[in-house]
Amino acid sequence: RIKQFFEYFPRARTILELGALEGGHTFALASHNGVERVVGVEARASSIEKALFIGSLLGLTNIEFRQANLEHFPISSLGCFDAVFCSGLLYHLPEPWKLVAQTAQVAPSLYIWTVYAREHEATIEIDGLHGREHIEGGPNEPLSGMSPKSIWLTMPSLVEMLQRSGYGRVEILSKGENPNGPEVSLAASLR
């Protein structure tokens, strides 16, 4: 995912990572040649503590971690960036379109890796976006969303969501299967 990100956005110097978990991607992003600043946002304090510990061992000085529940947090308060890196988060959100709409306000480039719903699984429609509900483990499950339920959008609805948010260019970088379902990597640009 890091390789795909930099292949598509090679000039990204400042990066906002949404859903940093324990910093695995954060450290890889920050170690890339030319990257000046990475801000990793994560909801769970225990994950931030682990990331800070690992970061202290690595000695990287261009990383900042912020604890925030991205279901409600205004990411614009973090400033502007060259790109947003969002891997493994969207399918844990009850309203992923709200977060994606914010990304267009803070960066012209967006990388997403997510699991999505197959067309025949779509049982709900919200404002023209189709998907299905998924039961989450809640705050006590570190690899789960913070809310009891999330919405997995279909592939066409993922693209539609990005276009509605202002991303004029959306490319599917790769598709595959994951133990949770079909997965996709997307790159989106405002221009």
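Helix H5, which spans residues 155-164 of this predicted model, has Met155, Ser157, Leu158, Val159, Met161 and Leu162 as its buried residues. In an α-helix, residues three or four places apart point the same way, because there are 3.6 residues a turn. The buried residues of H5 pack against helix H4 (96-106) and against five strands, namely E5 (109-115), E7 (129-135), E8 (149-153), E9 (169-178) and E10 (181-189). Just after H5, Gly166 adopts a positive phi of about 110 degrees.

Several of these partners belong to an open sheet of 7 strands with mixed pairing, in the order E3-E2-E1-E4-E5-E10-E9. Strand E3 (63-67) and E9 form its edges, each pairing on one side only. On average, neighbouring strands of the sheet are turned by 15 degrees against each other, direction ignored. E9 and E10 pair in the antiparallel sense over 9 bridges; Ile172 has Leu186 of E10 as its bridge partner.

Helix H2 packs on this sheet, touching E1, E2 (37-42), E3 and E4 (83-87). The direction of H2 makes about 150 degrees with that of E3. H4 lies across E1, E4 and E5, and runs at about 170 degrees to E1.

Two loop residues merit attention for their backbone geometry. Most residues other than glycine have a negative phi. Leu21, in the loop between strand E1 (14-18) and helix H2 (24-31), has a positive phi near 50 degrees. Asp127 also has a positive phi near 50 degrees, and is placed in the loop between strand E6 (124-126) and E7. Leu21 counts as partly exposed because its relative accessibility is 31%, whereas Asp127, at 61%, counts as exposed.

Technical notes
Residues are numbered from 1 along each chain as its sequence is written. This is a predicted model: local features need pLDDT of at least 70, side-chain atom pairs count only at pLDDT 80 or more; totals for chains, interfaces and linings use all residues. Side-chain values use heavy atoms; hydrogens and water are left out. Buried means under 20% relative accessible area, exposed over 50%, partly exposed in between (1.4 Å probe, protein chains only). Helices (H or I, at least four residues) and strands (E, at least two) are DSSP runs, numbered from the N terminus. Contact means heavy atoms within 4.5 Å. Two strands pair if DSSP finds at least two bridges between them. Axes are lines fitted to C-alpha atoms, for helices over the stretch in contact, and angles run from 0 to 180 degrees between N-to-C directions.
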